[in-house]
Amino acid sequence: MKPPVLLKTILDICFIFSAFSLIAVLLGLIIGLLAGSDISFISTEKIPENINEFALWGLIILELIKTGAYIYGLYVLRKLIRSFFRNKLYTKLQIASLNLGGRLICLSVILGAVSEFLKKMILANRITLNFGMEFSFSSFWIILAFGIFLIFLAKVFQNARQLKKENELTI
């Protein structure tokens, strides 16, 4: 089997850019907190004056957790792709990586939806739910389906691992 070099390169680029953006935001938050300035650079939306500071920090922490889960999911998928270069299939590492990567992507997408809901509720003082269908690759449903697919693929790999062990035992 030929190693997936293009997929490894794309995941490496996505991971590096995502990690640098998270580090930049964290440094901006720390500098803003230490300097005592406002944290309005986090969002492009205008923050109302009567907003609860605790709610705003809760949103920021939720966004950081969502982004951290996404970046860690990319890291796990990078490790998974690198394991394919050893020409061994159906290892415990691959099964666990597929499962964890899928769960982290699902968690990130769900936290993103919760964050958007809370952002609208806190910043705009309105409650809206959007169950519409976008036709883009960054759609909530597409990314959620991708995460669930990775979890399903982990189960397929686990089943294939058991069949491979049984096949090795038979003469």
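## A buried serine in helix 3

Ser 108 has a relative accessible area of 8% and is therefore buried, a word used here for residues under 20% relative accessible area, with exposed meaning over 50% and partly exposed the range in between (1.4 Å probe, protein chains only). This serine belongs to helix 3, where helices (H or I, at least four residues) and strands (E, at least two) are taken from DSSP runs and numbered from the N terminus. Leaving aside residues up to four places away in sequence, Ser 108 touches Lys 66, Ala 69 and Tyr 70, a contact being counted when heavy atoms lie within 4.5 Å.

The structure is a predicted model, in which local features need pLDDT of at least 70 and side-chain atom pairs count only at pLDDT 80 or more, while totals for chains, interfaces and linings use all residues. Residues are numbered from 1 along each chain as its sequence is written, and side-chain values use heavy atoms, with hydrogens and water left out.

## The overall fold

The protein chain contains four helices and zero strands, and from the N terminus on its elements follow the order α-α-α-α. Of its 171 residues, 29% count as buried. Among the contacts in the chain with a separation of 6 or more, 77% are made by residues 24 or more positions apart.

## The nonpolar cores

The largest nonpolar core, meaning a set of buried Ala, Val, Leu, Ile, Met, Phe, Trp, Tyr and Cys residues joined through side-chain atoms within 4.5 Å, has 15 residues, and those with the most contacts inside it are Leu 11, Leu 77, Leu 80, Phe 84, Leu 98, Leu 150 and Phe 157. At least two residues of this core come from each of helix 1, helix 2 (53-84), helix 3 (92-123) and helix 4 (140-169), and helix 2 gives the most to this core, with six residues.

Leu 77 illustrates these contacts, since, not counting residues up to four places away in sequence, Leu 77 touches Leu 11, Gly 101, Ile 105 and Leu 150. There is also a second, separate core of five residues, which includes Leu 29, Leu 56, Ile 60 and Leu 123.

## Helix 4 and its neighbours

Helix 4 has 30 residues and spans 44 Å from its first C-alpha to its last, close to the 44 Å expected at 1.5 Å a residue, where the expected span is 1.5 Å times one less than the number of residues. Its buried residues include Leu 144, Gly 147, Leu 150, Ile 151, Ala 154 and Phe 157, and the buried residues of helix 4 pack against helix 2 and helix 3.

Within helix 4, Ala 154 counts as buried at 4% relative accessibility, and, with residues up to four places away in sequence left out, Ala 154 touches Ile 95, Leu 98 and Asn 99. The C-alpha atoms of Ala 154 and Gln 94 are separated by 7.7 Å, although these residues are 60 residues apart along the chain. Gln 162, which also lies in helix 4, is partly exposed, with a relative accessible area of 47%, and its C-alpha atom is separated by 8.9 Å from that of Tyr 90, 72 residues apart along the chain.

## Salt bridges

Side chains of opposite charge can pair when their charged atoms come close. A search of the whole structure finds six salt bridges, each defined by a side-chain nitrogen of Lys or Arg within 4 Å of a carboxyl oxygen of Asp or Glu. Lys 66 and Glu 63 meet in one of them (3.3 Å, N to O), and both of these residues lie in helix 2, three residues apart, about one turn of the helix.

Glu 63 also forms a salt bridge with Lys 119, the closest N and O atoms being 4.0 Å apart. Because Lys 119 lies in helix 3 and Glu 63 in helix 2, this pair ties together parts that are 56 residues apart in sequence. Lys 119 is buried, with a relative accessible area of 19%, and its side chain meets that of Glu 116 in a salt bridge (3.3 Å, N to O). Glu 116 is partly exposed, with a relative accessible area of 37%. Elsewhere, Lys 8, Asp 12, Arg 78 and Arg 82 are linked in a network of salt bridges.
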